[in-house]
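Welcome to this tour! Open your viewer, get ready to select residues by number, and follow along stop by stop.

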Amino acid sequence: MLYRRKFLGGLLQIFGGQLSNVDLQKYLMLATEMQKKPLYEFTPYKYGGFSFTSYCDKRAMTKNGVIKSSDGWVDDSDVDYFPELSPKDQSILLEVKNSYGNMTGDELVKYVYKKFPY
């Protein structure tokens, strides 16, 4: 599996295995902004930054049984991807969870809009 998909799997798993489409995009954007070499790029969209590559990965991960087919992101794997990530990426994901995990929906969108107005 591609490393960036493991990163997505790890992100999803530390948030309890289920996230809405919007929340996953925002947490992913916050995480990749902390990386020296971001795994995903984002383009402006109606709810803030959006990664088209993440949705290509979602389709592949659904096809391979890692994610359930649904409107959101639902973990469907027996594999724990978090330990397969580099220590730096593990730290980044934990920082996102600890710093922003209490924000969801509109509150999270507003925060990301303010932090990354571009």
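Start by selecting Arg-5, which lies in helix H1. (Helices are DSSP runs of H or I with at least four residues, strands are E runs of at least two, and both are numbered from the N terminus.) With a relative accessibility of 18%, Arg-5 counts as buried, because buried means under 20% relative accessible area, exposed means over 50%, and partly exposed is in between, using a 1.4 Å probe and protein chains only. Now show what surrounds Arg-5: leaving aside neighbours within four places in sequence, it is in contact with Tyr-40, Asp-57, Ala-60 and Met-61. Contact here means heavy atoms within 4.5 Å. For a look across the model, draw a line from the C-alpha atom of Arg-5 to that of Ser-99: these residues are 94 apart along the chain, and the atoms are separated by 23 Å.

Before moving on, a word on what you are looking at. This is a predicted model, in which local features need pLDDT of at least 70 and side-chain atom pairs count only at pLDDT 80 or more, while totals for chains, interfaces and linings use all residues. Residues are numbered from 1 along each chain as its sequence is written, and side-chain values use heavy atoms, with hydrogens and water left out.

Try colouring by pLDDT, the predictor's confidence in each residue, from 0 to 100. The protein has a mean pLDDT of 93, and 100% of its residues reach 70 or more. Which elements have the lowest and the highest mean pLDDT? The lowest, 85, belongs to strand E3 (residues 48-50), and the highest, 97, to helix H4 (residues 87-100).

**Next stop: the whole of H1**

Select residues 3-14 to see helix H1. How far should its twelve residues span? The expected span is 1.5 Å times one less than the number of residues, so H1 should span 16 Å, and its end C-alpha atoms are indeed 16 Å apart. Ten of the twelve residues in H1 are buried, leaving the helix mostly covered. Among the buried ones are Phe-7, Leu-11 and Ile-14. To see what covers them, switch on strand E1 (18-19), helix H2 (21-32), helix H3 (52-63), strand E4 (67-68), strand E5 (73-75) and H4, which are included in the cover.

Zoom in on Leu-8, also in helix H1. Leu-8 is buried, with a relative accessible area of 2%. Setting aside neighbours within four places in sequence, Leu-8 is in contact with Leu-24, Leu-28, Tyr-40, Ser-54, Asp-57, Met-61 and Trp-73. The C-alpha atoms of Leu-8 and Lys-37 are separated by 15 Å, with the two residues 29 apart along the chain.

**Just past the helix**

Move to Phe-15, in the loop between H1 and E1. Is Phe-15 buried or exposed? Its relative accessible area is 12%, so Phe-15 is buried. Not counting residues up to four places away in sequence, Phe-15 touches Tyr-27, Val-96, Lys-97 and Gly-101. Add Leu-93 to the view: Phe-15 and Leu-93 are 78 residues apart in sequence, yet 9.7 Å apart in space, C-alpha to C-alpha. Then click on Gly-16, which follows H1 and has a positive phi, near 85 degrees.

**A pair of helices**

Now display H2 together with helix H5 (residues 105-115), whose axes come within 10 Å and cross at roughly 35 degrees. (Axes are lines fitted to C-alpha atoms, for helices over the stretch in contact, and angles run from 0 to 180 degrees between N-to-C directions.) Residues to highlight include Tyr-27 and Leu-30 in H2, and Leu-108 and Val-112 in H5.

**Last stop: Ser-77**

Finish in the loop between E5 and H4, where you will find Ser-77. Ser-77 is buried, with a relative accessible area of 17%. Beyond residues up to four places away in sequence, Ser-77 touches Gly-65 and Val-66.
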